[in-house]
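Q: Please take a close look at one part of this structure and describe how that part is placed among its neighbours. I am new to this structure and would be grateful for a connected account.

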Amino acid sequence: MAKGVKPRVKVPKTASAGDIITIKTLISHKMESGQRKNKDGNKIPRSIINRFTCSFNGQNVIDVALEPAISTNPYFQFDAVVPETGEFKFIWHDDDGSVYEKVKSVSVA
Amino acid sequence: MSLTRRKLMVAGSSLLALSAISGTPLFASIVDDHINAFTGGADLASGSIMLDTPEIAENGNTVPIEVSAPGATSIMLLAAGNPVPAVATFNFGPLSGARSGSTRIRLAKSQDVIAIAKMNDGSYEMASAMVKVTIGGCGG
Amino acid sequence: MYLKKILSASVLIISANFVFAGEDDNLLIDGEAILVRAAVQAHTPELDILRSGWTFRKDSTQEIQMDDFDNPAFVFVDQGIDFYNAVDGTAGKSCASCHSDVEKFAGLRASMPRVQNGNITTMEDLVNGCRTERMGADAWKWSSSKMTAVTALIGLQSRGMPISVKMDGSAAAHWSKGKELYYTRVGQLDMSCANCHEENYGNMIRADHLSQGQINGFPTYRLKNSKLNSIHARFKGCMKNIRATPYKEGSEEFKALELYLASRANGLSVETPSVRN
């Protein structure tokens, strides 16, 4: 597990059925690109979040493949349809095998 | 706010589009490879994909961009002048609310940022925008 | 508010990107107005107006600070909340054990640094004072991620409040020393803070748009290193850029300079945690 990795998501708490909502996500992660060199002149190996997914009640909203050109503390903003009350699940996959998760509920009146 | 953004859509066939990509010859072929792998060599249309980038990046380390292509199933982003041109690929699922995404990327130098969308009718769209990345004066 | 989406086909749209387009903008964070311009005070006669660093940045950078989610500093503020609540040290206490709600710190950042018992005391001094003297914990390094997370959290509680740093009485001698440092040329490039930040703010230094060097938004999230930066870390960077040997973080020189600089922003709002280039 990489150190100090903390996800953050912004999702409205309520919506009407069929609404399109905007979701924002951020995760604190260094995103070591593999291009930087250390003091001895050797390349620091790549270590990034390589995949981000968002699903709602099990159905996929977005699935992003990340490369080293995504900035430190990867940020994504995207839209989702909310058909009913349920749970958004956000998952980030790290090169080192770690998986970070965040869950947010939305209730539909 | 719209005055300070430059939205650029490149019109033309895939050949013209590919030749408009800037970057060293070495990088250009890697960019071609990425595009061909994504499109299978299909023609690239334009007009249905929008790529929004700053004209001049305040800092190449964190450049906010947005891409949008209504009717797309996925969008691939490339940075033609980066040592590794691949940036990200957005794949939209059944509950996607809009075929768009915003993120922040690293640009090593002034270069073209390229977006290729795979549309749900099997066609492909492309947009490209030049982003200037300056070396700061005195950044501390 | 980020972007307007234009879905017209085959139209070449080019808008000019005026480099100084951000100059007249007003800062609204989640709807709340933060003062980024203020009248000069008696002790800053060379300036026409006080301007926050926010007004010197490009639109895309300004926008990142206008939303507490878009602002990446807040993921570190969240970590600051965790640190605030975490028990640390031999006394078995957390910050919260004594201070309960962090919201009670409203107003503190606006008057920092201050002089206590004859010495300049910065936010970092207060945190480490508690840690070493009351928590039985190790001091945090001045610009460490833990320290900046907590100083950002505490500073946030004063966001929007006017900076009001004491310059007289017990602070007078320290303030004068800070002022002298501000105007003294140093380094191979033989430059003082004033050469850039007072005489040339608004001009370009190569590709950077020079600000007034105000510190009302610190610790600040810099796009350049994608993390929170402390005041003294920034001073160090500036000194290195003019090829001077920097003073140490936490040194009397940097504290005096911090006191003087903070007073130059008297009247501007606390903006912590800000976003800069």
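A: Two strands are said to pair if DSSP finds at least two bridges between them. The model is predicted, and the part chosen here is strand β4 of chain A, which covers residues 49–56.

This strand pairs with two others of chain A, and each pairing may be taken in turn. One partner of β4(A) is strand β5, made up of residues 59–66 of chain A. These two strands run antiparallel and are joined by 6 bridges. Within this pairing, C54(A) has I62(A) of β5(A) as its bridge partner. The connection between β4(A) and β5(A) is a hairpin, with 2 residues lying between the strands. One residue in that turn, N57(A), has a positive phi of about 45 degrees.

The other partner to describe is strand β7 of chain A, residues 86–94. Here 7 bridges link β4(A) and β7(A), and this pair is likewise antiparallel. I49(A) stands opposite D94(A), a residue of β7(A).

There remains the question of how far β4(A) is covered. A residue counts as buried when its relative accessible area is under 20%. On that basis 6 of the 8 residues of β4(A) are buried, so the strand is mostly covered.

Taken together, β4(A) is a mostly covered strand that is bridged to β5(A) and to β7(A), with a hairpin turn leading from β4(A) to β5(A).

Technical notes
Residues are numbered from 1 along each chain as its sequence is written. Chains are lettered from A and ligands numbered from 1 in the order in which they are written. This is a predicted model: local features need pLDDT of at least 70, side-chain atom pairs count only at pLDDT 80 or more; totals for chains, interfaces and linings use all residues. Side-chain values use heavy atoms; hydrogens and water are left out. Buried means under 20% relative accessible area, exposed over 50%, partly exposed in between (1.4 Å probe, protein chains only). Helices (H or I, at least four residues) and strands (E, at least two) are DSSP runs, numbered from the N terminus.
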